[in-house]
Amino acid sequence: MHIDAIDVFHVAMPLIRPWRTAYGDDATIESVLVCLHSGSLHAWGESTPFAAPCYSPEWAAGAFACVRDWLAPALVGQRIGSGDELQDRLKHFKGNSFAKGALDTAWWVLRSLELGKPLHRVLGATRDAVPVGADFGVLDSIDQLIAEVSGAVAASYPRIKLKFRRGWDLKMLSAVRRECPTATIHIDCNAGFTLDDLDLLCRIDDFALSMVEQPLAYDDLIDHARLQTMIRTPVCLDESINSLTRAEQAIDLGACKVINIKAGRVGGLTPAVKILNMAREAGLSCWVGGMLESAIGARISTALAMLDGFDYPGDIFPSAAFYHDELGTPPLALQHTPGQAPQVVASDVPGIGTEPVPELLERFCVSKARVEPRGT
């Protein structure tokens, strides 16, 4: 496919309520959207590194500038025949996985439009629907959390994820486990602890959790490997896995038993699928994470989650759970059947079946740029 032009947008999408984690609170979610143009086709991709470099070293304004000034100019005017070829053209730019992920995901959507197939089919999926979990950030009170978690359990969500940070830790977890003694629960520490907190981390073994997600530093593998030998609870890596190489190193070190795969964080769908296959061969469990993307990014995550090998319910969020005004249309919704786990259903049309609402794209836009071949 010949890439004729690339539109790049930095957007800030207001949340219904702040999203609170170990690294801080977000009242809006800042994201990078790209639109690749090829002949009569155009396709959208999304990557969501957030407003500040707190989840990872990248941030939305920086990723926007990186795409605008460096990555998009390396692709525009070129014929890109595969995801591997796109990655190869960008590999001399060090790091910047979120920035690369925006372009890679858009390329895959463009490819699926060219083939006239839904994205999940082009990726090789045979499923059309998968169960999803329920996630809860730090709320105003434990009583509020208990009420919301109990509602999710009653609605047959197959697992519960709880944000876990200092001051919202064992007391919170004990209260939830007491109220929901048989629910599948895991905690997400967002790199908020160190091995100096080993006593606290060992105590989580008492709560029969399915995993503890990213307990230690965002870029660490070695201490996670040490921790995994000290606790029974499976360690899941999220922030630490930002490339195929890092996933390979984590597996070799025994740094985790589970990998959370986010297409944006690892550089796109191309490396995401390779990480999944590598982890499966090594006997690790995998699941698809989310970054509170718009429905565009959520649809891309949905397509990825349909692949065989994702064996734990993913973080794929219905639009209405977090946004009054959803940037993507149609918004993402879950399929609820009484007594069964809520599911997300893949799009049955070519691509992902979702694009930005023009008026909302303009309202939420912080910066935008069009990148065309030089001389046009």
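Phe193 is buried in this predicted model, with a relative accessible area of 2%. Phe193 sits in the loop between β7 (185-188) and α7 (198-203). Its ring pairs with that of Phe164, a residue in the loop between β6 (160-163) and α6 (170-179). Phe164 is also buried, with a relative accessible area of 1%. The two residues are 29 residues apart, and the pair links distant parts of the chain.

How are the rings of Phe164 and Phe193 placed, with their planes at 45°? Their centres are 5.7 Å apart. An angle between planes that is neither under 30 degrees nor over 60 counts as tilted, so the pair is tilted.

A second pair joins Trp287 and Tyr312. Here the planes stand at 70°, and because planes over 60 degrees apart count as edge-to-face, this pair is edge-to-face. Trp287 belongs to strand β11 (residues 285-288), while Tyr312 lies in the loop between α12 (295-305) and β12 (328-329). These two residues are 25 residues apart, and they too link distant parts of the chain. Trp287 is buried, with a relative accessible area of 0%. Tyr312 is buried as well, at 13%.

The table sets out the two pairs.

| Pair | Distance between ring centres | Angle between planes | Arrangement |
|---|---|---|---|
| Phe164 and Phe193 | 5.7 Å | 45° | tilted |
| Trp287 and Tyr312 | 5.7 Å | 70° | edge-to-face |

The count of aromatic pairs comes to 11. Which residues do ring pairs link into a cluster? The cluster is made up of Tyr23, Phe50, Tyr55 and Phe98.

Note on methods
Residues are numbered from 1 along each chain as its sequence is written. This is a predicted model: local features need pLDDT of at least 70, side-chain atom pairs count only at pLDDT 80 or more; totals for chains, interfaces and linings use all residues. Side-chain values use heavy atoms; hydrogens and water are left out. Rings of Phe, Tyr and Trp (its six-membered ring) pair if their centres lie within 6.5 Å; planes under 30 degrees apart count as stacked, over 60 as edge-to-face and the rest as tilted. Helices (H or I, at least four residues) and strands (E, at least two) are DSSP runs, numbered from the N terminus. Buried means under 20% relative accessible area, exposed over 50%, partly exposed in between (1.4 Å probe, protein chains only).
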